[in-house]
Amino acid sequence: MCSGPVIGGIIGTRRFIYDLWGETVSVASGMETHGLIGEIQVADPSYRLLRALCRFEPRGRIRIREKNRWMPIC
């Protein structure tokens, strides 16, 4: 899970599909490849928004290939 700005729009001419784009979606997608079964990975932006409401266990940092950078996750 990652929080941040996204762009949404409808794709198609005969069959319509709503889709989202942006760095937030790319980070969440990159984190998905490193996920654990039955667990929810939360990127730093989401953690900062939710830390007062939920209990988190740190997992360290993972490399997001699409962005070629490290992302802290909880």
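Is Cys2 buried or exposed? Cys2 counts as buried, because its relative accessibility is 17% and the cut-off for buried is under 20%. Keep in mind as you explore that this is a predicted model.

**Cysteines**

Cys54 is a useful contrast to start with: its relative accessibility is 40%, so Cys54 counts as partly exposed. A disulfide is a covalent bond between the sulfur atoms of two cysteines. How many disulfides does the count give here? The count comes to zero disulfides.

**A hairpin of two strands**

Now find strand E1, which covers residues 7-11, and strand E2, which covers residues 17-21. These two strands run antiparallel, and five bridges join them. To see one of the pairings, look for Gly8, whose bridge partner in E2 is Leu20. Between the strands of this hairpin there are five residues. Here Gly12 takes a positive phi near 115°. While you look at the strands, remember a general point: in a regular strand the side chains alternate between the two faces of the sheet.

**Salt bridges**

How many salt bridges does a search of the whole structure find? The search finds two, and here they are side by side:

| Acidic partner | Arginine partner | N to O distance |
|---|---|---|
| Asp44 | Arg48 | 2.9 Å |
| Glu57 | Arg55 | 3.8 Å |

Where do Asp44 and Arg48 lie? Both belong to helix H2, which spans residues 44-50. They are four residues apart, about one turn of the helix. Asp44 has 24% relative accessibility, so Asp44 is partly exposed. Arg48 has a relative accessible area of 46% and is also partly exposed. In the other salt bridge, Glu57 is exposed, and so is Arg55.

**An aromatic pair**

The structure also has one aromatic pair. Its members are Tyr47 and Phe56, with ring centres 5.2 Å apart. Why does this pair count as edge-to-face? The planes of the two rings stand at 80°, and planes over 60 degrees apart count as edge-to-face. Tyr47 is partly exposed, with a relative accessible area of 25%. Phe56 is partly exposed too, at 22%.

**Looking back**

To retrace the tour, start at the buried Cys2, then follow the antiparallel strands E1 and E2. Next, visit Asp44 and Arg48 in helix H2, and finish at the edge-to-face rings of Tyr47 and Phe56.

Methods:
Residues are numbered from 1 along each chain as its sequence is written. This is a predicted model: local features need pLDDT of at least 70, side-chain atom pairs count only at pLDDT 80 or more; totals for chains, interfaces and linings use all residues. Side-chain values use heavy atoms; hydrogens and water are left out. A salt bridge is a side-chain nitrogen of Lys or Arg within 4 Å of a carboxyl oxygen of Asp or Glu. Buried means under 20% relative accessible area, exposed over 50%, partly exposed in between (1.4 Å probe, protein chains only). A disulfide is a pair of cysteine sulfur atoms within 2.5 Å. Two strands pair if DSSP finds at least two bridges between them. Rings of Phe, Tyr and Trp (its six-membered ring) pair if their centres lie within 6.5 Å; planes under 30 degrees apart count as stacked, over 60 as edge-to-face and the rest as tilted.
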